[in-house]
2 protein chains.
Amino acid sequence: MTETETIAYDVVVLGAGPVGENVADRTRAAGLSTAVVESELVGGECSYWACMPSKALLRPVIAQADARRLPGLAQAVQGPLDTSAVLARRDDYTSHWKDDGQVHWVEGIGAALHRGHGRLTGDRTVTVTGPDGTRTVLTARHAVAVCTGTGAVLPDLPGLADVRPWTSREATSARTAPGRLLVVGGGVVAVEMATAWQALGSRVTLLVRGKGLLNRMEPFAGELVADALTEAGVDVRTGTSVTAVTRENGTVVATTDTGGRIEADEILFATGRSPRTGDIGLETVGLEPGSWLTVDDTLRVTGNEWLYAVGDVNHRALLTHQGKYQARIAGAAIAARAAGEDVVAEPWGAHAATADHAAVPQVVFTDPEASSVGLSLAEAEQAGHRVRAVDVDLSSVAGAGLYGDGYRGRARMVVDLERETVLGVTFVGPGVGELIHSATIAVVGEVPLARLWHAVPSYPTISEVWLRLLEAYRDN
Amino acid sequence: MTETETIAYDVVVLGAGPVGENVADRTRAAGLSTAVVESELVGGECSYWACMPSKALLRPVIAQADARRLPGLAQAVQGPLDTSAVLARRDDYTSHWKDDGQVHWVEGIGAALHRGHGRLTGDRTVTVTGPDGTRTVLTARHAVAVCTGTGAVLPDLPGLADVRPWTSREATSARTAPGRLLVVGGGVVAVEMATAWQALGSRVTLLVRGKGLLNRMEPFAGELVADALTEAGVDVRTGTSVTAVTRENGTVVATTDTGGRIEADEILFATGRSPRTGDIGLETVGLEPGSWLTVDDTLRVTGNEWLYAVGDVNHRALLTHQGKYQARIAGAAIAARAAGEDVVAEPWGAHAATADHAAVPQVVFTDPEASSVGLSLAEAEQAGHRVRAVDVDLSSVAGAGLYGDGYRGRARMVVDLERETVLGVTFVGPGVGELIHSATIAVVGEVPLARLWHAVPSYPTISEVWLRLLEAYRDN
């Protein structure tokens, strides 16, 4: 039996992904001693099996698509991408799945890194079981922040484990392109990975249970992305579920509820996420293992004084950037409470993650890119706002046509009729990924439409869509 | 002697570029009868010899540069662009220098197009001399709007006309790439045309009188663009002026004040603009021919009841998009006054071109792109603001590295310390062209920094530079 050491900190952070790192960064900046506990790679899902590798895979695909729309350059890029070069670059962006750089960063901010599996073991206490079985008890004077994120959910199909299905982890870290890839799902991971691997040499089939793709965005987003995937050669089948799957002589065979039989070399399930809270000792503090953790706007778990849940695990917005935002706010709230200072938790206060309700941005890195922020028309109506939505065909914008011939895209602005401010914006089209931040600032800043008329877009950029949206609102 | 017809309108617009068109659009929307007078192509400089052709030439250059920074795609785009295909696309975007589409648009809004040279001939009166010598007198019940723009200024060098120098018109409409092109100037036209023609096959020399390029932007903009031009093969020579130029056996020979002798096939002077007001009858209304026209924020000429000057000709901001903005405001102001309604001319009012003072955006379509809005640090200090500027190296942003290997770029935010709002922002780097509109909305919306912290940029986009800027301000 190994001896158990006890170490006292001000703050203990469970999980060293970007969210945990950012909580620690803020508590350390406030002078609070902080421990960070991580059982896998420091840097988390995002650095090794999500944002970074997926975007490294997708960026050349998007740049190639952009180039193909430009006479004078198009001819040169008709051939396939050099897949091995793209994968090598992806490996560089994941630091070859080594976390030395991130460990260095954590040490640099003066946080203590504890490698191992951390579990709550009562009030303000986390016990870490190290790789060698050593147990270390960490006490937290002020706060424990759970930043353990989510894992992929696999469907309940008999014998699925024997099929060795891909999840987002395998899809972003694969060393070669499978000859045939079957992607199950219609969300961001599904469409991004279908886009990437089709361009990198796989023949991709995309099975979507529902009617369309990207169903958390405005309907036209999924429609435009589905059209483009189909044109790129992806076999998109909506209204289709997998009912059984086996691997026979190395080949994946999936049976669908429409009676189809699909063979593939690999199958990716991008069918949802569940919180990584099953084995972190939630039961020792009166919470249910495996549950999403409900928090207030300061990211503190409901009914608790010292427990925070930050990032995906609280189910407010499953996006790295939004988790980092929450982390900045949680870290500041922890620091304020520790110092006995006022907590500014009214909407848009320094300690309130108000944007989680009003202005969550997202960019889907497909061709076309799909981006949105704030409320969709349906969400705004459901929330009881009196609204009007205006749409603009992006191809009517001079800068869009110049960006690439045959430009197809669409924009929607959802306007709060009471205040004449913008509740939500969606841009879908090539080259709109950086444009969405303009909408984020408009929504967050609650800038009235009358003032937005003075925000002149440069000619000829795609940003001129803002003018078309304002005109559409004025004239209709 | 031809008979002179007189036609009465509510509004007469001199010049049918984008600015004149937008004035007419707004006065027509208000139900005012409107005449538009144009001596050249309807659509103006921008459509045929500026924005449109220049961006059509530059877009493939930028896309190629982007692709060259991406392993897996880079190899395919090492060769030169197909110049004739790029020029053919440029020709399409200028409608082959035919204005049928634009004429159709003017007719569509119900404005009357008068082709010919328009001159003021007294109070609320414009006389048009048609191509056939016919004279038509147009009277304007409510307003005359001068939207005649600017022309290129050539230096006062003996024998220059015999050299047949290029101005922006020839540089954007040339049918072939000259073997050697000498560009004189360091502003937007100079750097954009040097970028385009170098990539399209010319050997370009850029002669800049001053110390650097793009000197109306933050200093690092010109530095980064100069470095990139040099790497692209352009011979950039600063602190150098042309003292004499001749054409000998078809070859241009320029002599410089540093004793140099440069041979070229064509020489482009991009050395400034002057107002096209020399022959529009200003003397008949007590103004000086050839002068810039000074206006108030409703775009009405100082001391005059009915004369407006909109766009470049008023010297507030020589940019198409800013002229169009002024046009919307001038049109609305003319309509309000005609109807006897209130004119809302306080700052940011519906009839005040406030953004001309506070938030003029600009994107220079070079590689890297250079973009800015609002006040530079030097401008803010000169204007008496108490300010602090923070800089961020764009290569520190994950989305920038993913955008392209070896990313180089820089951002600056100028903060008003009294109000903690943003007075100006500059982004220089690949892929930032659509990003500047986020800054425009922040400046125009006067969004406090405390609120901007809630405007979350999507990960991993280049927009995350906003976080780095806010952090730099907070931590320094």
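## Exercises on a predicted two-chain model

Asp391(A) and Arg412(A) form a salt bridge whose closest N and O atoms are 2.7 Å apart, a salt bridge being a side-chain nitrogen of Lys or Arg within 4 Å of a carboxyl oxygen of Asp or Glu. The model is predicted, so that local features need pLDDT of at least 70 and side-chain atom pairs count only at pLDDT 80 or more, while totals for chains, interfaces and linings use all residues. Residues are numbered from 1 along each chain as its sequence is written, chains are lettered from A and ligands numbered from 1 in the order in which they are written, and side-chain values use heavy atoms, with hydrogens and water left out.

### Exercise 1. A pair within chain A

Task: Place Asp391(A) and Arg412(A) in their secondary-structure elements, and set the pair against the total for the structure.

Solution. Begin with the elements, which are DSSP runs numbered from the N terminus (helices are H or I with at least four residues, strands are E with at least two). Asp391(A) belongs to strand S19 (residues 387-393) of chain A and Arg412(A) to strand S20 (residues 410-416) of chain A, so the pair, 21 residues apart, links distant parts of the chain. Next comes the total: a search of the whole structure finds 67 salt bridges over all chains. As general background, side chains of opposite charge can pair when their charged atoms come close.

### Exercise 2. The interface of chain B and chain A

Task: Describe the contact between chain B and chain A by residues and area, and then by its polar pairs.

Solution. Taking contact as heavy atoms within 4.5 Å, one counts 75 residues from chain B and 75 residues from chain A. The buried area, that is, the accessible area (1.4 Å probe) that two parts lose on being put together, summed over both, is about 6,300 Å², and carbon and sulfur atoms give 63% of it.

The second step turns to charged and polar pairs. There are six salt bridges between chain B and chain A; Arg451(B) forms a salt bridge with Glu446(A), with the closest N and O atoms 2.9 Å apart. Polar contacts are pairs of N or O atoms within 3.5 Å; within protein, one atom must be able to donate a hydrogen and the other to accept it, and residues adjacent in sequence count only if both atoms are side-chain atoms. By this rule 32 residue pairs, both at pLDDT 80 or more, are in polar contact across the interface.

The third step asks which elements supply the side of chain B that touches chain A. Those giving two or more residues include helix H4 (83-93), helix H10 (320-338), strand S17 (362-364) and helix H16 (465-475) of chain B, and H3(B) gives the most, with nine residues. By class, this side has 41 nonpolar, 20 polar and 14 charged residues, where Ala, Val, Leu, Ile, Met, Phe, Trp, Tyr, Cys and Pro count as nonpolar, Asp, Glu, Lys and Arg as charged, and the others, Gly among them, as polar.

### Exercise 3. Domains of chain A

Task: State the domain assignment of chain A and characterise the meeting of domain 2 and domain 3.

Solution. The bounds, which come from an automatic or database domain assignment, give domain 1 (5-43 + 99-151 + 275-355), domain 2 (152-271) and domain 3 (368-475). The C-alpha centres of domain 2 and domain 3 of chain A lie 31 Å apart. Eleven residues of domain 2 are in contact with 16 residues of domain 3, and the two domains bury about 990 Å² between them, 67% of it on carbon and sulfur atoms. Two salt bridges are found across this interface, and three residue pairs, both at pLDDT 80 or more, are in polar contact. The side of domain 2 that touches domain 3 has eight nonpolar, no polar and three charged residues.

### Exercise 4. Backbone exceptions

Task: Locate the cis peptide bonds that precede Pro460(A) and Pro460(B), and the positive phi of Leu299(A).

Solution. For background, most residues other than glycine have a negative phi, and most peptide bonds are trans. A cis peptide bond joins Tyr459(A) and Pro460(A), with omega about -10 degrees, and Pro460(A) sits in the loop between helix H15 (449-452) and helix H16 (465-475) of chain A. In chain B, a cis bond joins Tyr459(B) and Pro460(B), again with omega about -10 degrees, and Pro460(B) lies in the loop between H15 and H16 of chain B. Finally, Leu299(A), a residue other than glycine, has a positive phi near 75 degrees and is found in the loop between strand S15 (273-275) and strand S16 (307-309) of chain A.
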